[in-house]
Amino acid sequence: MIIYNRTEYSELTNSQYRKEKRRLQIELLKLQEWTIDSNQRIAILLEGRDAAGKGSTIQRFIENLMPKATKIVELGVPNKKQEKNWFKTWEKRLPKKGTITFFDRSWYSRALIQPAMGYCSENQYKYFMKKVNNWENTLIEKGLKLIKIYLSISKENQKLRFQFRKDHDLKYWKLSTNDWKAHKNWQLLTDYKEQMFEQTSTKIAPWVVINSDNKMIARLNAIRYVLSDIEYPNRKNLKPKKWSKESPVYNISLFNTQFNNLNREQYELLNRLKGHE
């Protein structure tokens, strides 16, 4: 298992965050062009608890990529046929040549949310855990590049983001009774998560754990890890430059509302909230 939390991003202002995101997204385009030209197949899994920022992180990955060679897979609630043929269900959704596919939750639902919430049988869970490593090894031997990212959020911050969703005019629909149920089963999910890391983080397909208590930092770290893990032509040094201290102009946009001329205390409070946006 790899813990990937680059501390250089902890002091970024909002304008510096945008500059660094743009720098990394330029590198992502180089990676995509190489993927297309050399017929690579890249699968990037994002797992994590509800509200950890999986979907928004994927959006930052793809927002400037070429759509024709980019795909997002989100299975949703599997039907009975998909449940019984779990590996075949996901084989059908793996990237084709020249494509980067992002999985907003993946086959590892069977190692996490399904057993914790009673959505699969104990035999299905045990069969998956027994077979998944060999299955992934076979895929990798056939040329698939597999990156498994787990976005880790604290219990307190998950609850805070649930409250934001509940009160948000445009995001209330993202919150369900099952989300709260999973929140109450926090320790059970933690136990399954630890078993997943222990049994399915292998040398050729390790789990990469990124702290997502601040979504902006998590997005940058996720993109930077992917770029650092794949050798593509003309890759620049991915280490961020040393940013100069910016003049203290305290303006910030939060949940589509602009706040200007803030004092430092107000800005720091809103900036902490922005990490959950």
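In this predicted model, helix 6 and helix 9 run roughly parallel to each other, because the angle between them is about 30 degrees and angles under 35 degrees count as roughly parallel. Helix 6 covers residues 122-141 and helix 9 covers residues 186-200, with the two axes 10 Å apart. On the helix 6 side, the residues that meet helix 9 are Tyr125, Met129, Val132 and Asn133. Their partners in helix 9 are Tyr192, Gln195, Met196, Gln199 and Thr200.

**Salt bridges**

The whole structure holds nine salt bridges. Among them are the three pairs listed here.

| Pair | Closest N to O distance | Relative accessibility |
|---|---|---|
| Glu8 and Arg224 | 3.4 Å | Glu8 30%, Arg224 7% |
| Glu20 and Arg23 | 2.9 Å | Glu20 2%, Arg23 27% |
| Lys145 and Asp229 | 3.0 Å | Lys145 28%, Asp229 29% |

Glu8 forms a salt bridge with Arg224. Glu8 sits in the loop between strand 1 (2-3) and helix 1 (14-37), and Arg224 belongs to helix 10 (residues 215-229), so this pair ties together parts that are 216 residues apart in sequence. Glu8 counts as partly exposed, whereas Arg224 counts as buried.

Arg23 and Glu20 also meet through their side chains in a salt bridge. Both residues lie in helix 1, three residues apart, which means that about one helical turn separates them. Glu20 is buried, while Arg23 counts as partly exposed.

In the third listed pair, Asp229 forms a salt bridge with Lys145. This pair links distant parts of the chain, with Asp229 in helix 10 and Lys145 in strand 5 (residues 144-152), 84 residues apart. Asp229 counts as partly exposed, and Lys145 likewise counts as partly exposed.

**Arg41**

Lys145 is also one of the residues touched by Arg41, which lies in strand 2 (residues 41-48). Which side chain of opposite charge is nearest to Arg41, and how far away is it? The nearest is Glu91, at 9.2 Å. A salt bridge needs a nitrogen and a carboxyl oxygen within 4 Å, so Glu91 is too far away to form one with Arg41. Arg41 is thus buried yet has no salt bridge.

The side chain of Arg41 does reach the backbone oxygen of Pro95, at 3.0 Å. Leaving aside residues up to four places away in sequence, Arg41 touches Leu94, Pro95, Lys96, Lys97 and Thr99, and also Lys142, Gly143, Leu144 and Lys145.

**Positive phi values**

Two residues other than glycine are described here for their backbone angle. Arg105 has a positive phi of about 70 degrees. Arg105 is found in the loop between strand 4 (99-104) and helix 5 (113-117). With 22% relative accessibility, Arg105 counts as partly exposed.

Asn234 has a positive phi as well, near 60 degrees. Its place is in the loop between helix 10 and strand 7 (252-254). Is Asn234 buried or exposed? Asn234 is exposed, because its relative accessible area is 65% and the cut-off for exposed is over 50%.

Note on methods
Residues numbered from 1 in each chain as written. Predicted model: local features only at pLDDT ≥ 70, side-chain atom pairs only at ≥ 80, totals over all residues. Heavy atoms only, no water. Helix = DSSP H or I, 4+ residues; strand = E, 2+ residues; numbered from the N terminus. Buried < 20%, exposed > 50% of the residue type's maximum accessible area, 1.4 Å probe, protein only. Lys, Arg positive; Asp, Glu negative; His and termini not counted. Polar contact = N/O pair within 3.5 Å; in protein donor to acceptor, adjacent residues only side chain to side chain. Contact = heavy atoms within 4.5 Å. Axes fitted to C-alpha atoms, helices over the stretch in contact; angles between N-to-C directions.
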